[in-house]
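Student: Please take a close look at the aromatic side chains in this model. I would like their surroundings described as well, in one connected account.

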Amino acid sequence: MRVVGALSGYRFDEATGEDVIEFQQRLYRIIADLEALYRRIKREEKRLIGAKARYIPVWFAKRMAQLSAYSKKLRDGLTLARAVGDGFVWFFYERDPQLIEEHLKLQPQLLLPPDLGAAGERILLENLRGVDGKFMLYHGITSLLRIGDFSFVDMTSLRVACLAELKTTRIDPQRINLSLSIISGDKDQIPKFPVREPSEPREPAPPLSAPMQARFERQRKVMQDSIVAAKEVRDGLTISGDLGFHYRELEDVVRRSHARTFEYVKAGDGLIIGAWRIPGSRSYGAPSPKRLIKCMPEVASDMPAWTTKILDAGSTWNSVAYGGLGGDDSLKARSTGLPFFAWPVNPQVLADIAFERVIIITLFNAGHLIKRLHASGYEVELDEGGQLRRATKQVDNKLIELENYSYFMSLVPWALMTEDAVMSMIEQTIEATKSVPLDKHPAKVEFRPVIRRSSARDDRLTRKRVPG
């Protein structure tokens, strides 16, 4: 609902069920228009390269650089549009994290299918919103959903009922045939489509070409394997809890932002969030004016003073990293975190950040977390850059070693998770490992947070024991 409000301009309390249903079609049209421009530019680049000898080299280089810049902005726009789509589908998918993991194992597709395939998906999207109590989600408006073309969600349980792959073939110049293949782990969850008598004799569907048939068989197997993998009972320990985030601090600093200088807020011991509102009106696709770049040192003049606020005087663990929110890294789909447009933050704040009306920077000193680890009994080892390489702790007769801790450190500046929440995850996990029986070989316990909104059922953190 918040995503609908952010994109369409509706107030959150004015959004209706019809707005939600029409949202996919609205976003699809935006993506299709952006892709049409992108394909047009790529065709122009190809044409120019083929006739390169006819053009003055200086003009040719300038024109190709201009087209490349246009392509980059359009790709950025497509990333942003699909990030909005990720936020929309998350409401329907967040209770199926294992299936999200299966989706993210595949490479994302930048563009919708061309020509006939695009026509078939558009027709189905415009004419089938749902069936038999199942709401249909179109994968093409997201970067998150990559297996098949559609998902059907049971609106009673808000769980994914099945995946579907669409194949479109041409009957004649005026007619096409749509064939929807549906895969589910429970036959009772397959939607029951109403049977209608055709108004005229139905012709057999045209057969798929050999390459299309082979590709379809591969896609169907991926759907089947993913459904099975997502439903497997994992040998794991589960802990859950209400984790803290700095969303309110983000809203506050964006609300106070202006064009004169950066505004800052200190979030916890080691995090500073800064916000600068770009002066004047500027379209999303416009390049950053040189005057904005030149004034950055002036508007960020208070940054060194704010940096000192997160330094731990006398500590040897200080290590400040500079980052930001709203770029590709923030918008990228992840299985373990909320999509950017699903954050429980004022929609206008998310829109200001994503559409580059407000620039967000983060300053994070990981030294506070490293110091807390050390105070908890861990022996810590840093690399040349001052980043944590490994941490070990003796617990009873077990030697606990933390690996890849940098990921958990990054949850503070990237997901705005509080340092208390990160430490709580580690402490709960270490406590849980006490129940893991030891054998002759060391045990490796893998764990990572699965961040959910508090309204979603089965909020949990999962770790899996792996022999090793």
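**Aromatic rings and their surroundings**

Tutor: Trp343 is buried, because its relative accessible area of 5% falls under the 20% cut-off. Phe340 also counts as buried, at 3% relative accessibility. The model is a predicted one, and the values that follow are computed from it.

Searching the whole structure gives 15 aromatic pairs. One of them joins Phe92 and Phe135, whose ring centres are 5.1 Å apart and whose planes meet at 35 degrees, so that the pair is classed as tilted. Phe92 belongs to helix α3 (residues 57–93) and Phe135 to strand β2 (residues 134–138), so this pair ties together parts that are 43 residues apart in sequence. Phe92 is buried, with a relative accessibility of 5%, and Phe135 is buried at 10%. Phe340 and Trp343, the two residues described at the start, form a tilted pair too, with 5.2 Å from centre to centre and 55 degrees between the planes. The Phe92 and Phe135 rings also belong to a cluster: ring pairs link them with Phe23, Phe88 and Phe91.

Another ring has a charged neighbour. Lys309 lies over the face of Trp306, at 5.0 Å from the ring centre. Trp306 falls within the residue range of α10 (303–308), and the loop between α10 and β9 (320–325) holds Asp312. Asp312 is buried, with a relative accessible area of 16%. Its side chain makes a polar contact of 2.8 Å with the side chain of Lys371. Leaving aside residues up to four places away in sequence, Asp312 touches Asn318, Asn365, His368 and Lys371.

Two backbone points can be added. Asp115 has a positive phi, near 55 degrees, although the residue is not glycine. Asp115 is placed in helix α5 (residues 115–127) and is exposed, because its relative accessible area of 69% is over the 50% cut-off. Leu158 likewise is a residue other than glycine with a positive phi near 55 degrees. Leu158 sits in the loop between β3 (150–154) and β4 (159–172), and at 15% relative accessibility Leu158 counts as buried.

Conventions. Residues are numbered from 1 along each chain as its sequence is written. This is a predicted model: local features need pLDDT of at least 70, side-chain atom pairs count only at pLDDT 80 or more; totals for chains, interfaces and linings use all residues. Side-chain values use heavy atoms; hydrogens and water are left out. Helices (H or I, at least four residues) and strands (E, at least two) are DSSP runs, numbered from the N terminus. Buried means under 20% relative accessible area, exposed over 50%, partly exposed in between (1.4 Å probe, protein chains only). A polar contact is a pair of N or O atoms within 3.5 Å; within protein, one must be able to donate a hydrogen and the other to accept it, and residues adjacent in sequence count only if both atoms are side-chain atoms. Contact means heavy atoms within 4.5 Å. Rings of Phe, Tyr and Trp (its six-membered ring) pair if their centres lie within 6.5 Å; planes under 30 degrees apart count as stacked, over 60 as edge-to-face and the rest as tilted. A charge sits over a ring if NZ of Lys or CZ of Arg is within 6 Å of the ring centre and within 35 degrees of the ring normal.
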